[in-house]
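Dear colleague,

Please find below the structure that I am handing over to you. I would be grateful if you could look at it alongside the notes that come after it.

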Amino acid sequence: LTEGPLKGKHILVTSGPTHEPIDPVRYIANRSSGAQGTAIAKALRDLGADVSFVTGPADVPPPRGVRVISVETAREMKAAVDAALPADAAVFAAAVADWRVVSESGSKIKKEQGKLPVLEFSENPDILARVSQMMEGRPRLVVGFAAETDDVIAHATAKRKRKGCDWIVANDVSPATGIMGGAENAVTLITERGAEDWPRMGKDEVARQLAHRIADHLTGS
Ligand code: C5P
């Protein structure tokens with residue numbers, strides 16, 4: 001392991017989208033590339049952390065030198081997170097699907113003349129909220145993300161309270177920003193002390209700065 005301020009600390013990072021199956025060949029997904037979560041895992045590794053990286057099917061390859069746990073669905077991600085705990089800190093950068101199809105068809109749904117399929121959904125477990133509200137063994141620092149398209153700070157501040165996490169990294173994912181799937185990010189870090197706007201910069205740089213803040217928090221400086 002690398003030397004650094006996070007040596008000896010175990011940090012869990014979730015990343016990427018989840019895929020929620022409809023039938024053996026179809027699924028519901030979202031536009032997350034996994035770029036920001038992957039960059040965060042790298043930056044934490046570079047500061048010496050022992051990183052468990054729970055990732056959905058992302059566009060970018062996972063970093064080297066971290067423990068990679070690949071999952072597909074939200075429920076698999078939840079199980080992988082539970083198995084990876086305890087951790088000193090946890091960063092939830094995954095874009096977890098809010099809903100899954102109630103009953104995945106075991107065989108390919110056939111196209112029939114004049115008949116349209118109707119999908120019924122149920123809610124996926126909120127992994128961030130569950131870990132934030134753990135009564136025992138909660139990571140000392142829990143960081144969530146909030147991808148919003150409007151009223152970013154208001155929505156993200158409310159989300160921090162509702163979920164019970166310590167920090168929220170909020171970003172504007174309106175199509176015009178080009179952030180979702182792009183190389184840059186413009187984030188606002190929301191903590192108990194309020195909202196802090198960071199300038200627009202590369203996702204790697206956002207990751208490095210966030211990793212340093214996490215190191216400062218865990219090492220008490
Ligand atoms: O509620 P919303 O999806 O906007 O919350 C985003 C944050 O919650 C992200 O940190 C995401 O990783 C996490 N999340 C989760 N499990 C879910 C939904 C969101 O961990 N089912």
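The notes below cover the ligand site, the database annotation and two points of backbone geometry.

Please bear in mind that this is a predicted model.

Ligand site

The ligand takes up the space of the largest pocket. Three elements give two or more residues each to the shell around the ligand: helix H3 (127-132), strand E9 (141-148) and helix H4 (152-163). The residues of this shell are Phe92, Ala94, Val96, Asp98, Pro125, Asp126, Ile127, Leu128, Gly144, Phe145, Lys159 and Lys163. Sorted by class, seven of them are nonpolar, one is polar and four are charged.

With regard to polar contacts, an oxygen atom of the ligand lies 2.4 Å from an N or O atom in the side chain of Lys159. For the side chain of Lys163, the distance from a ligand oxygen atom to an N or O atom is 2.8 Å. The backbone also takes part, as a polar backbone atom of Phe92 is 2.6 Å from an oxygen atom of the ligand. On its own, the ligand has 450 Å² of accessible area, and the protein covers 86% of this.

Annotation

In UniProt, an unreviewed entry places the feature "binding site" at Asp98, Lys108, Pro125, Asp126, Ile127, Leu128, Phe145, Lys159 and Lys163. These positions span 66 residues in sequence and their farthest two C-alpha atoms are 37.9 Å apart, so they do not all gather at one spot. From this set, the lining of the largest pocket takes in Asp98, Pro125, Asp126, Ile127, Leu128, Phe145, Lys159 and Lys163. Among them, Leu128 is part of helix H3.

Backbone geometry

Two places may be of interest when you inspect the backbone. The peptide bond from Leu85 to Pro86 is cis, with omega near 5 degrees. Pro86 belongs to the loop between helix H2 (74-84) and strand E6 (89-92). Asp151, although not a glycine, has a positive phi of about 45 degrees. Asp151 is found in the loop between E9 and H4, two of the elements that contribute to the shell around the ligand.

With kind regards

Note on methods. Residues numbered from 1 in each chain as written. Predicted model: local features only at pLDDT ≥ 70, side-chain atom pairs only at ≥ 80, totals over all residues. Heavy atoms only, no water. Near = heavy atom within 4 Å. Polar contact = N/O pair within 3.5 Å; in protein donor to acceptor, adjacent residues only side chain to side chain. Areas by Shrake-Rupley, 256 points an atom, 1.4 Å probe, with all protein chains shown as cover. 1 Å grid on protein atoms, 1.4 Å probe; cavity = no way out; pocket = protein on both sides within 12 Å on 5 of 7 lines; lining within 4 Å. Sits in = over half its atoms within 2 Å of the grid points. Helix = DSSP H or I, 4+ residues; strand = E, 2+ residues; numbered from the N terminus. Nonpolar A, V, L, I, M, F, W, Y, C, P; charged D, E, K, R; others polar. UniProt positions renumbered as here; feature names shortened; annotations may be inferred.
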